[in-house]
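Here is a short note for a colleague who is meeting this structure for the first time. Please read the points with the model open beside you.

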Amino acid sequence: GYLRQLSAKWDAALSLPKAAPAMVLTAALLYSVTASLDKVGIEAAHYSLSAYFLGQRVLTGVVGLVYLLTCSRGALRHVARDSLLLFSISLVEQASVVVYLLAIENLLVSYVVAIKRVNVLLSTVSGCILFKVRSAVVLSCLQSLG
């Protein structure tokens, strides 16, 4: 129903060629906001990093599962087929989140925003190398410089 319609509109908007600059600016805005929200979340969890991490991952997992079940049932076959690869990628991603949360617990939010921006730049460079995608380099460099 509603989730499928929203997903179709989202996919259509992202497929437009002019959507890339808006996505880069949106990413920069969200990175700035989420760093502050993560700091608030860690403090609200009474400095229990593991409680905040667990809550964040469970909520993300539930939202992702609901999306897969309602909008993209075909993706479940891919998840089952490539489960070992996805599990390996997930472990690396979880390690990066733990290090990020440790950084945000011990540093000022402005430093963490800089870390996230460098992450975007490094992800873009690695994407260019691994997937031969060259179009996003200039936009991610501009976003990182901002």
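1. The place to begin is helix α5, which contributes six residues to the lining of the largest pocket and thereby gives the most to it. Please keep in mind throughout that this is a predicted model.

2. The largest pocket itself has a volume of about 330 Å³, and of the 13 residues that line this pocket, Ser96, Val97, Tyr100, Lys116 and Asn119 are the closest to its centre. Helix α5 spans residues 83–106, and it is joined by α2 (19–44), α3 and α6 (109–131), each of these four helices supplying at least two residues of the lining.

3. In chemical character, the lining of the largest pocket is mixed, since its residues divide into six nonpolar, three polar and four charged.

4. Turning to the fold as a whole, the protein chain has seven helices and zero strands, and when read along the sequence it follows the pattern α-α-α-α-α-α-α. Of the 146 residues in the protein chain, 19% are buried.

5. A separate point concerns the surface, where Leu54, Val58, Val62 and Val66 make a nonpolar patch of about 340 Å². Leu54 is found in helix α3, which covers residues 49–71.

6. Is Leu54 buried or exposed? Leu54 has a relative accessible area of 55%, and because a residue counts as exposed when this value is over 50%, Leu54 is classed as exposed.

Technical notes
Residues numbered from 1 in each chain as written. Predicted model: local features only at pLDDT ≥ 70, side-chain atom pairs only at ≥ 80, totals over all residues. Heavy atoms only, no water. Patch = residues over 30% accessible without salt bridge, like charges linked within 9 Å, V, L, I, M, F, W, Y side chains within 5 Å. Areas by Shrake-Rupley, 256 points an atom, 1.4 Å probe, with all protein chains shown as cover. Salt bridge = Lys/Arg side-chain N within 4 Å of Asp/Glu carboxyl O. Buried < 20%, exposed > 50% of the residue type's maximum accessible area, 1.4 Å probe, protein only. 1 Å grid on protein atoms, 1.4 Å probe; cavity = no way out; pocket = protein on both sides within 12 Å on 5 of 7 lines; lining within 4 Å. Points joined across faces, edges and corners; volume = space filled by probe spheres on them. Nonpolar A, V, L, I, M, F, W, Y, C, P; charged D, E, K, R; others polar.
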